[in-house]
Amino acid sequence: MTARHYGMDWLRICAFGLLIFYHIGMFFVHWDWHVKTADPVEWVAVPMLALNPWRLPLLFVVSGFASRALMARTAGPGAFVRSRSARLLIPLAVGMVLIVPPQPWVEMVVEHGYRNSYPFFWLNDYFRFGAIADDLIVPTWQHLWFVVYLWVYSLLIAVATPLGRRVHAQTWFDRWFARKRASWIVLAWFVLAQGVLARGQTSTNALVDDWPGHIIFLPAFLFGFALARSETAWAGIRRWWHVAALIAAMAYSFVAGVELLYPGRTPIPVWLELPYFSIRAAQGAAGVIALIGMADRFWNRDHPVRATLNEAVFPFYIIHQTAIVVAGWYLLRFRLPPLAEFAILLVVTTVACLLFYLAGRRVGWLRPLIGLK
């Protein structure tokens, strides 16, 4: 498959857009985060659970898909690694030094009573290269962990590509992927990995000790990488995405029901853990398949704004969480109603993302610093 799949572009745009809404929601829900509203709203967890199981696997699927397309356009694995490193490591370094630091500062102020100013924190405490409080280690990549994982997974496929040319591993992988109904294998693996192997454990985002994350994210990335060249897998998705959507909807009904029965930090019974996490994993895998099928069926067409939105995704991603955390911390002093806080956070985050992208794209030397060509 050599033609550009516009549906996957739109899916990438929508996935990152929903991520911004999701992180705004983290300000209100009872789950742990950098800064919280004064009175968390327990029911917000119910709509967020509609996104939670599939949002990260989907990002890795579309990233793997895009990586295969990029590899096809480059001169070889070496050129692919250089391209990925320039596009990922430069904005990662800039982000860790300049964009991310306000987040741990806010967390220190809110959670640990830190009294020093942000300039003092950045100059004296942020670059300690060690723990500054509990499990908070600085400097940190915070939400940019996704960039680190994407770079590492890109290195893995770059190494595997020349190996596959010698021992035919890559050709075998593609053929196996096409013959074995990969969509259902992904569904089964997600249920096994999340529901059984890593039951209740979440990603640490720390790379080296994150086996609960890697057993989901790496297969998702490889799924997208293989999907880019598998017409058979596409045919299966086109045939079964309606069923996958039904499975995802039914699974979400169960997950939402459990949340309503055991709201907030109320622990679920031990006997319910295995079915709960397994069904939640099925919701995530089926949701990914359903969304890919919907993107292929309804969104696989170009539009004048697609290229701009597709380019803006990465800069938006880099800046959005810092904007949310800082704005949320500032809002705490006013004790506003949750709806007013949500509206303000949405406006502030949107404006910050737009300014960050529009300013960076027009200045040549700034473009690589915010993840643009």
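**Close-up 1. The buried residue D9 and its salt-bridge partner R4.** In this predicted model, D9 has a relative accessible area of 10% and is therefore classed as buried, the limit for that class being under 20%. The side chain of D9 meets that of R4 in a salt bridge, with an N to O distance of 2.6 Å. R4, in contrast to its buried partner, counts as partly exposed because its relative accessibility is 45%. A search of the whole structure gives ten salt bridges, and the pair of D9 and R4 is one of the bridges found in the model.

**Close-up 2. The salt bridge between R238 and E231.** Side chains of opposite charge can pair when their charged atoms come close. Here R238 and E231 form a salt bridge in which the closest N and O atoms are 2.8 Å apart. R238 has a relative accessible area of 33% and is accordingly partly exposed. E231 is likewise partly exposed, with a relative accessible area of 42%.

**Close-up 3. The salt bridge between E311 and R367, and a charged network.** The side chains of E311 and R367 meet in a salt bridge, with 3.0 Å from N to O. E311 belongs to helix 13 (residues 306-331), whereas R367 lies in the segment after helix 14 (338-361), so the pair ties together parts that are 56 residues apart in sequence. With a relative accessibility of 24%, E311 counts as partly exposed. R367 has a relative accessible area of 17% and is therefore buried. Elsewhere, R4, D9, D302 and R306 are joined into one network by salt bridges that share partners.

**Close-up 4. A nonpolar patch on the surface.** The patch is formed by W189, L192, V196, L197, W211 and L274, which together have about 510 Å² of accessible area. Helix 9 (residues 182-197) supplies the largest share of this patch, namely four residues. W189 is placed in helix 9. The relative accessibility of W189 is 31%, so this residue counts as partly exposed. That value also meets the requirement for patch residues, because they must have over 30% relative accessible area.

Key. Residues numbered from 1 in each chain as written. Predicted model: local features only at pLDDT ≥ 70, side-chain atom pairs only at ≥ 80, totals over all residues. Heavy atoms only, no water. Patch = residues over 30% accessible without salt bridge, like charges linked within 9 Å, V, L, I, M, F, W, Y side chains within 5 Å. Areas by Shrake-Rupley, 256 points an atom, 1.4 Å probe, with all protein chains shown as cover. Salt bridge = Lys/Arg side-chain N within 4 Å of Asp/Glu carboxyl O. Helix = DSSP H or I, 4+ residues; strand = E, 2+ residues; numbered from the N terminus. Buried < 20%, exposed > 50% of the residue type's maximum accessible area, 1.4 Å probe, protein only.
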